[in-house]
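Subject: Two-chain model for you to look over

Hello,

Here is the structure I promised. Please load it first, then read my notes below.

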Number of protein chains: 2
Amino acid sequence: MRETAIGIDIGGTFTKFGLSDVDGNVLMEGSIPTYTHLEIKPFLDALSTAINDGLNQVHESFEILGIGIGAPNGNYYKGTIEHAPNLNWKGIVPFIDMFKAYYDLPMVLTNDANAAAIGEKVFGGAKDLNDFIVVTLGTGLGSGLVTRGKLIYGHDGLAGELGHTNVYPDGRECNCGKRGCLETYASASGIKRTVFKLLATNNDETPLRSYTYESLTAKKITEMALAGDPIALEAYEYTSDILGLKLADAAAVTSPEAIFLFGGLAKAGDILVKPTMKSFNEYLYPGYKGKINIRLSELMDRNAAVLGASALVWSEIVQNGAIQVPQQARAI
Amino acid sequence: MRETAIGIDIGGTFTKFGLSDVDGNVLMEGSIPTYTHLEIKPFLDALSTAINDGLNQVHESFEILGIGIGAPNGNYYKGTIEHAPNLNWKGIVPFIDMFKAYYDLPMVLTNDANAAAIGEKVFGGAKDLNDFIVVTLGTGLGSGLVTRGKLIYGHDGLAGELGHTNVYPDGRECNCGKRGCLETYASASGIKRTVFKLLATNNDETPLRSYTYESLTAKKITEMALAGDPIALEAYEYTSDILGLKLADAAAVTSPEAIFLFGGLAKAGDILVKPTMKSFNEYLYPGYKGKINIRLSELMDRNAAVLGASALVWSEIVQNGAIQVPQQARAI
């Protein structure tokens, strides 16, 4: 009987789920909208119904060892989702306590970027690393930091908020209430803000002038940059310069062996990675130079969110936090 | 027979040593100059001679469980001192390998700020904490970061360089070769630079105008600030504002329960701590607000460097890295 784990990735728009085994094979996957559920209870009803439907369609016998959940502002110690700005459920949601009414299984919850970091360790490019950082460049900027082979959770379970380190104290307004946070520059929304800033300061001709702020997407900016558009390229350079600077600061704290970039913006590839690495090395403590690599996540083209969430089960429940890579997974 | 550990703190000017027990009682202590020894071998000869003389004068029976060494740029994994800018011995010094010729005892070496962090855990204010940061404000700025009860060493044993995070990329020249590092602002040398900047920009009358750059010390600036001197006070405010900002960034990585300030500048007490806490809370990710305390080290008035180095033996050798607080120490 195949040993499996359920992975759930809760995003602002959609919640994805899947059943996978220790080798990362996905036996079943699906998704439901998140934002349509204004209350948590109907959301859990819909989620469990969709998961159960999916499980009924798996045509082999399996055992479920646990459920891993990645969620914005997920608190590992408490199993709660706390004040997530992009979810409808305000305040502190006791997610695991509530979800236990649906499944009598071990459950573990952490923030989505931490789940991505564990996914990178179990299924991706960090299999042989004990000290690394994963940065997710989505609507915001999330981060999961691993040291001595374990995630840094901090005293309250909420560590790893590189997106809210300070770039310009009087800079762009952030959803968190501060100004000038890293994620207002280095994220899908950040690069859009940068494009609009450049449209104001530069005179380059670019099709980007025909977009409204509402209609422009980071995906479009990436396409334009890859096609050689000067404003889109400069936006990537500006983003990379700031990202490299703040990653150099983070590296001065944990001295990682590698930093993995993940998420929408990372799809720009070299246009993001090369200038970020250049800036990073410029601002890095000389004692670390040449030792730390910035590269793309190896889960980019896979269902990383669900894999990362299910990896939580292998690492945090089965392996008790050691994030040891299962023998089979190493052989992939 | 009393169980003891030898602690050695290697500084640019003096090397201090001592023999202490698990309760932090110091049975013997002493020091030799560091800077007069241009080569490492004569230094080790002099150090071991001084230690042996000290041990011979202890009038009770004791057992030595190990030797802990705190050193600038100390590499925990290799037992080496690597490219320390303020020591005469250039390149990579295989300290433990060489010192084993003098003592057949377990040895552990790490950087001086890491030793201070372990000292805070074993003998100071962090006895009940598993997630905290110790910042040493001496000639430079050192830091030791503890998460899940263990020091963050990073993949190369050299993690914890908060002093070289970036404040102003085009700012003050740093000994590390970069510009604008935190320690060029928040340290004994940094506050002196700030005083000279303020003497240039402000017209306040102050006895500080009678000092040369060479003759002015951080100790003097602290005395003047405590006496109400406007330039000295503004220098502390400027220092605290930058320190608070960068500590907020560090807190976004590790979410500590407390940050302990230690070293010469910390002797200013409230003049440093209060504005640092104010700035820290202004720049802190709102999700952490009210949870993290900045306070003075509880080892301020004790021989902290030697205690910290000897604490390495209790935590890293006797307890195998867990930094568990010995029962006796808890009872202090």
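**What I found**

Asp128(A) sits in the loop that runs between α3 (112–123) and β9 (132–137) of chain A. One thing before going on: this is a predicted model. Is Asp128(A) buried or exposed? Its relative accessibility is 61%, so Asp128(A) counts as exposed. Compare its position with that of Lys90(A). The two are 38 residues apart in sequence, and their C-alpha atoms are 39 Å apart in space.

**The two copies**

Start with the symmetry. A turn of 180° and a shift of 0.0 Å along the axis lay chain B on chain A, with an RMSD of 0.1 Å. That is the relation of a two-fold axis. Both copies use the same surface: 100% of the contact residues of chain B recur in chain A.

**The interface**

How much area do chain B and chain A bury between them? The figure is about 3600 Å², and 56% of it is on carbon and sulfur atoms. Three residues stand out on the chain B side. Arg148(B), His155(B) and Val253(B) supply 21% of the area that chain B buries against chain A, more than any other three residues. In residue terms, the contact takes 42 from chain B and 42 from chain A.

Now the polar side. Between chain B and chain A there are 26 residue pairs in polar contact, counting those with both residues at pLDDT 80 or more. Which elements of chain B each supply at least two residues to the side that touches chain A? They are β10 (141–147), β11 (150–151), α6 (230–254) and α7 (270–283). The largest share comes from α6(B), with seven residues. By class, the side of chain B that touches chain A has 20 nonpolar, 11 polar and 11 charged residues.

**Salt bridges across the interface**

The whole structure has 18 salt bridges over all chains. Four salt bridges run between chain B and chain A. Side chains of opposite charge can pair when their charged atoms come close. Two cases across the interface are worth opening in your viewer.

The first case is Asp249(A) with Lys246(B). They form a salt bridge, and the closest N and O atoms are 2.6 Å apart. Asp249(A) lies in helix α6 (residues 230–254) of chain A and Lys246(B) in helix α6 of chain B, so the pair joins two chains. Both ends are covered. Asp249(A) has a relative accessible area of 7% and is buried. Lys246(B) is at 5% relative accessibility and counts as buried too. The pair is also part of a network of salt bridges, which links Lys246(A), Asp249(A), Lys246(B) and Asp249(B).

The second case is Asp156(A). Its place is the loop between β11 (150–151) and α4 (188–201) of chain A. Asp156(A) is buried, at a relative accessible area of 9%. Which residue of chain B forms a salt bridge with Asp156(A)? The partner is Lys291(B), with the closest N and O atoms 3.0 Å apart. The side chain of Asp156(A) also makes a polar contact with the side chain of Ser255(B), at 2.6 Å. Leaving out residues up to four places away in sequence, Asp156(A) touches Asn75(A) and Tyr77(A) in its own chain, and Ser255(B), Tyr288(B) and Lys291(B) across the interface.

**Salt bridges within chain A**

Two pairs here. Lys220(A) and Glu223(A) meet through their side chains in a salt bridge, at 3.5 Å from N to O. Why are they separated by about one helical turn? Because Lys220(A) and Glu223(A) are three residues apart in helix α5 (residues 218–226) of chain A. Lys220(A) is partly exposed, at 24% relative accessibility. Glu223(A) is partly exposed as well, with a relative accessible area of 40%.

The other pair is Glu173(A) and Arg179(A). Their salt bridge has its closest N and O atoms 3.3 Å apart. Glu173(A) counts as exposed at 53% relative accessibility, since the cut-off for exposed is over 50%. Arg179(A), at 39%, counts as partly exposed.

Best wishes

Key
Residues are numbered from 1 along each chain as its sequence is written. Chains are lettered from A and ligands numbered from 1 in the order in which they are written. This is a predicted model: local features need pLDDT of at least 70, side-chain atom pairs count only at pLDDT 80 or more; totals for chains, interfaces and linings use all residues. Side-chain values use heavy atoms; hydrogens and water are left out. Contact means heavy atoms within 4.5 Å. Buried area is the accessible area (1.4 Å probe) that two parts lose on being put together, summed over both. A polar contact is a pair of N or O atoms within 3.5 Å; within protein, one must be able to donate a hydrogen and the other to accept it, and residues adjacent in sequence count only if both atoms are side-chain atoms. Helices (H or I, at least four residues) and strands (E, at least two) are DSSP runs, numbered from the N terminus. Ala, Val, Leu, Ile, Met, Phe, Trp, Tyr, Cys and Pro count as nonpolar, Asp, Glu, Lys and Arg as charged, and the others, Gly among them, as polar. Copies are superposed by least squares on the C-alpha atoms of residues with pLDDT of at least 70 in both. Buried means under 20% relative accessible area, exposed over 50%, partly exposed in between (1.4 Å probe, protein chains only).
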